[in-house]
Amino acid sequence: MNEHTNTDDVPDEDGTAADNESEHAVDDETEESSPRTGHDETVESTADEVETGADDVATDTPVDTDADDIADSSDGDDSETDLGSDVSVEGDAATVAEDEEDLLGGLDVETTEEIEVPDRLVDQVIGQDHARDIVKKAAKQRRHVMMIGSPGTGKSMLAKAMSQLLPKEDLQDVLVYHNPDDGNEPKVRTVPAGKGEQIVDAHKEEARKRNQMRSFLMWIIIIAIFGYALFFARSILLGILAAGIVFLVFRYMNRGSDAMIPNLLVNNANQQIAPFEDATGAHAGALLGDVRHDPFQSGGMETPSHDRVEAGAIHKANKGVLFVDEMNTLDIRSQQKLMTAIQEGEFSITGQSERSSGAMVQTEPVPTDFIMVAAGNLDAMENMHPALRSRIKGYGYEVYMDDTIEDEPEMRRKYARFVAQEVEKDGRLPHFTEEAVEELILEARRRAGRKGHLTLKLRDLGGLVRVAGDIARAEDKDFTEREDVLQAKRRSRSIEQQLADNYIERRKDYELTVSEGDVVGRVNGLAVMGEDSGIVMPVMAEVTPSQGPGEVIATGKLQEIATEAVQNVSAIIKKFSDEDISQRDIHIQFVQSYEGVEGDSASVTVATAVISALEDIPIEQDVAMTGSLSVRGDVLPVGGVTHKIEAAAKSGIDRVIIPAANEQDVMIEDEYKEQIEIIPVQHLSEVLEVALAGEPEKDSLVDRLRSITGQALDRQVGPSSPSPQ
């Protein structure tokens with residue numbers, strides 16, 4: 001990061017910047033303020049007295065003890081290495097080991113009211129150990145950070161935590177003065193935090209006294225004119241005219257005096273920690289600063305240009321943190337100017353609208369010595385300016401936020417503390433009982449989608465906490481209980497889950513879901529909507545004579561990955577089938593796929609449907625299936641198996657075939673465990689053995705497939721990343 005407001009400063013080898021000359025030049029600027037601002041000596045003498053005593057004022061100003069602790073924490077001593085302090089438990093290591101399976105990790109509390117919540121945000125972050133270490137180092141060395149990951153994993157919270165780790169004593173106020181030489185180029189001046197208000201107040205007091213003197217002089221002159229007009233010229237009309245001219249002259253002089261009052265652009269007087277500015281989705285003016293339009297630009301009615309200057313987020317974040325989430329939402333021109341502000345450490349303010357009078361105004365450079373924290377999902381990097389990303393990467397860190405974390409006793413204790421944090425943060429929710437917290441931890445396991453892990457999408461989990469607390473509060477309970485959490489899980493279903501449930505009900509009404517009997521070429525496939533909603537999607541296949549070269553024709557708005565999956569399935573069919581499919585067309589239909597099919601988790605379903613149609617062997621309809629398929633016939637793992645199994649159970653299906661590698665990821669609700677049988681498989685031949693009806697035909701087909709694929713079943717299926725579906 002470029003750590004200075006003057007472009008001549010160069011970072012030392014250890015990453016710290018050379019002394020900022022602009023800070024040492026404050027006293028010199030004070031002495032030279034008369035030629036810079038055009039004020040008379042009376043105004044400047046008072047302003048100088050205020051500025052000279054700023055150090056004493058800053059010294060005498062009471063500072064909050066917590067703020068001092070926060071500032072001291074940025075010194076980088078070894079005591080800070082354990083960011084996100086552990087939640088301790090009473091007892092020895094043996095006791096904790098015995099509580100390995102305890103949902104609270106050995107934490108002995110009756111309600112979350114007994115759990116102490118840390119004061120610092122950096123200690124409140126759950127998981128993300130790597131990201132917390134990066135934030136600490138970046139705050140100490142003043143480095144930029146780019147955080148990429150799923151929404152709700154703590155990116156904005158870490159950015160705010162960084163502002164607490166920065167020293168407060170470096171904060172500055174920024175003043176904008178009228179330029180008597182060129183009114184469209186206002187002067188800019190930085191002073192220590194809290195001093196800006198004193199300077200402005202001193203100038204206002206001098207202007208008030210001066211206006212009083214002028215008003216007194218004006219009324220004396222007006223009375224004298226009226227006396228002369230009445231007693232000597234004997235013309236009341238002439239007296240009124242002369243008095244009006246005098247009044248306008250004095251009013252114009254007063255406006256000129258008011259124009260000498262500086263504009264306090266950035267005020268950090270009451271700032272207890274380093275500034276934190278969230279510029280997510282900000283337009284150019286809000287991000288880079290702006291100059292308001294002035295409809296009156298002449299005749300003494302115009303507003304001085306320096307009074308129309310507005311600070312942008314990059315200027316307010318000086319000596320602090322500028323946070324921009326979803327970087328791809330910023331237009332390229334704003335990103336280019338943001339890069340300039342980072343590189344130079346200063347950026348002039350001008351009108352952002354070309355049709356406004358503010359476009360003619362451009363201030364002297366305003367300090368922009370901030371730490372940039374850019375965040376977003378993976379797609380945020382696609383539309384990010386390459387030079388801006390290079391600037392962040394070259395002078396900072398890039399970190400990917402975890403979606404899950406290992407399920408350990410210490411983490412479960414932190415999740416209990418997370419519930420207490422959410423209750424304290426909301427301020428209106430009743431605390432949670434021990435059983436309610438345990439249910440939330442079970443939900444965290446389920447939402448992780450991986451065995452032995454807990455989800456780190458804590459914003460969604462926090463939403464569940466608030467819904468459960470609202471339910472308990474509506475019933476006027478002292479504490480939120482497990483029943484409230486269970487009810488909240490039903491009420492807080494996502495839009496996708498509500499649509500999926502309605503979709504399942506409609507299919508039942510119209511008897512579109514077949515869960516009994518045998519049908520040739522029809523398979524109950526499974527898919528997910530969004531991230532947490534499963535649906536049953538039937539797949540039908542039909543083989544017809546071709547009037548040309550045979551081809552595979554699939555319908556259902558297939559996306560790219562799904563289309564490739566169908567092509568891979570055709571390779572398996574060509575290899576094992578006794579039928580000559582070169583003269584046949586294979587039609588595959590994804591029934592009622594309104595939104596389209598994305599991903600390859602339907603590969604096993606498609607292969608089973610086509611094989612059934614080719615061999616004229618029916619498929620048992622009480623079976624649903626999901627899984628990816630290699631060209632050798634291996635069944636590979638996919639994502640969302642828990643939600644798919646639950647969707648099958650809701651639809652009345654008795655058995656579900658899933659990849660064996662996904663067996664450890666199954667965490668269905670208790671109400672579905674007795675309703676459905678889960679069958680893990682490793683190879684397509686195992687799928688056919690379970691799904692096909694008709695023993696002689698099925699056995700012959702399975703044996704033929706096994707003989708063609710050789711030793712495929714003896715091999716261990718290698719690790720593979722789950723599909724999005």
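**Strands, packing helices and a surface patch in a predicted model**

Strand 8 and strand 11 (residues 371–376) run parallel and are joined by 4 bridges. Strands pair where DSSP finds at least two bridges between them. Strands (E, at least two residues) and helices (H or I, at least four) are DSSP runs, numbered from the N terminus. The model is predicted: local features need pLDDT of at least 70, side-chain atom pairs count only at pLDDT 80 or more, and totals for chains, interfaces and linings use all residues. Residues are numbered from 1 along each chain as its sequence is written, and side-chain values use heavy atoms, with hydrogens and water left out.

Phe323 of strand 8 stands opposite Val373 in strand 11. Strand 8 also runs parallel to strand 5 (residues 276–278), with 3 bridges between the two. Here Glu277 stands opposite Leu322. In a regular strand the side chains alternate between the two faces of the sheet. Strand 8 (residues 321–324) is covered on both faces. Val321 and Phe323 are buried on one side, Leu322 and Val324 on the other. Buried denotes under 20% relative accessible area, exposed over 50%, and partly exposed the range in between (1.4 Å probe, protein chains only).

An open sheet of 7 strands follows the order 18-19-17-16-21-24-25, with mixed pairing. Its edges are strand 18 (552–555) and strand 25 (677–681), each of which pairs on one side only. From one strand to the next, the twist averages 30°. Strand 24 (residues 655–659) and strand 25 run parallel and share 5 bridges. Within this pair, Val656 has Ile678 as its bridge partner.

Helix 23 (residues 603–615) packs on the sheet. Helix 23 touches strand 16 (522–529), strand 17 (533–545), strand 19 (584–590) and strand 21 (623–625). Contact requires heavy atoms within 4.5 Å. The direction of helix 23 makes about 30° with that of strand 17. Angles run from 0 to 180 degrees between N-to-C directions, with axes fitted to C-alpha atoms, for helices over the stretch in contact. Helix 24 (residues 641–650) runs at about 80° to strand 17. It lies across strands 16, 17, 21, 24 and 25.

Ile668 sits in the loop between strand 24 and helix 25 (670–673). Its relative accessible area is 11%, so Ile668 is buried. Beyond residues up to four places away in sequence, Ile668 touches Thr642, Ile645, Glu646, Lys673 and Ile678. The C-alpha atoms of Ile668 and Thr642 are separated by 5.5 Å, although the two residues are 26 apart along the chain.

Two non-glycine residues with positive phi were examined. Gln128 has a phi of about 55°. Gln128 is in the loop between helix 8 (121–124) and helix 9 (129–141). Gln128 counts as buried because its relative accessibility is 2%. For Asp616, phi is near 60°. Asp616 lies between helix 23 and strand 20 (618–620), in the connecting loop. Asp616 is exposed, at 57% relative accessible area.

A nonpolar surface patch comprises Tyr228, Leu230, Phe231, Phe232, Ile236, Leu237 and Ile240. Together these residues have about 830 Å² of accessible area. Helix 11 (195–231) and helix 12 (236–258) each give two or more residues to the patch. Phe232 is in the loop between these helices. With 64% relative accessibility, Phe232 counts as exposed. Patch residues have over 30% relative accessible area and no salt bridge; like charges are joined within 9 Å, and nonpolar side chains (Val, Leu, Ile, Met, Phe, Trp, Tyr) within 5 Å. A salt bridge is a side-chain nitrogen of Lys or Arg within 4 Å of a carboxyl oxygen of Asp or Glu. Accessible areas come from the Shrake-Rupley method with a 1.4 Å probe; for residues, only the protein chains shown count as cover.
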